[in-house]
Amino acid sequence: MKKIGYLTRKKSNGAFYIYLRRSYRERNKINHEYIFSFGKMPNALEKMYWLRDNPEEFPSELIERHFNLDDLQEWILTIETGVTSTGRNFGVKNQSS
């Protein structure tokens, strides 16, 4: 089954929040569905580390969408390096605001 979703960031009130979302086109309009929120940086990265170390707690909403610990590790690397696996600039590299 194909995984549909990607890591994204959203700035609100001077802070970055990390989400997993999917985008889709409907009637020539692009819509977004937020699949999962990791929370505010840098706590989002800490939450990802915790999930990696406690795989039995991996969120069911992510499992249902066919995401796994390999995806989580990729998201962690994206935040740590500030670059996605496809080479796109992610731009939050350990920022707290």
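In this predicted model, the largest nonpolar core comprises 21 residues, and those with the most contacts inside it are Ile18, Phe38, Met48, Leu62 and Trp75. Four elements each supply at least two residues of this core: strand S2 (15-26), strand S3 (29-40), helix H1 (43-53) and helix H3 (69-81). The largest share, 5 residues, comes from H1. In soluble globular proteins, nonpolar side chains tend to be buried together.

The arrangement of helix H1 was examined next. The buried residues of H1 are Ala44, Leu45, Met48, Tyr49 and Leu51. Around the helix axis these residues cover an arc of only 160 degrees, and they therefore lie on the same side of H1. The partners against which the buried residues of H1 pack are S1, S2, S3 and H3. On the face of H1 turned away from this buried side, the exposed residues Asn43 and Asp53 are found. Met48 thus appears in two lists, being one of the buried residues of H1 and one of the residues with the most contacts inside the largest nonpolar core.

Attention then turned to the pockets of the model. The largest pocket holds about 260 Å³ of space. Its lining consists of 14 residues, of which Gly5, Tyr6, Glu74, Trp75 and Ser85 are the closest to the pocket centre. Strand S1 (6-12) and H3 are the elements that give two or more residues to this lining. The greatest contribution is that of H3, with 4 residues. Divided by class, the lining contains 5 nonpolar, 5 polar and 4 charged residues. Helix H3 is thereby represented both in the lining of the largest pocket and among the elements that supply at least two residues of the largest nonpolar core. Trp75 likewise is named among the residues closest to the pocket centre and among those with the most contacts inside the core.

Gly5, another of the residues closest to the centre of the largest pocket, is located in the segment before S1. With a relative accessible area of 30%, Gly5 is classed as partly exposed, because this value falls between the 20% limit for buried residues and the 50% limit for exposed residues. Leaving aside residues up to four places away in sequence, Gly5 touches Leu20, Arg21, Arg22, Ile35 and Phe67. Gly5 and Lys47 are separated by 42 residues in sequence, and their C-alpha atoms lie 19 Å apart in space.

Notes: Residues numbered from 1 in each chain as written. Predicted model: local features only at pLDDT ≥ 70, side-chain atom pairs only at ≥ 80, totals over all residues. Heavy atoms only, no water. Core = buried A, V, L, I, M, F, W, Y, C linked by side-chain atoms within 4.5 Å. Buried < 20%, exposed > 50% of the residue type's maximum accessible area, 1.4 Å probe, protein only. 1 Å grid on protein atoms, 1.4 Å probe; cavity = no way out; pocket = protein on both sides within 12 Å on 5 of 7 lines; lining within 4 Å. Points joined across faces, edges and corners; volume = space filled by probe spheres on them. Nonpolar A, V, L, I, M, F, W, Y, C, P; charged D, E, K, R; others polar. Contact = heavy atoms within 4.5 Å. Arc of directions from axis to C-beta.
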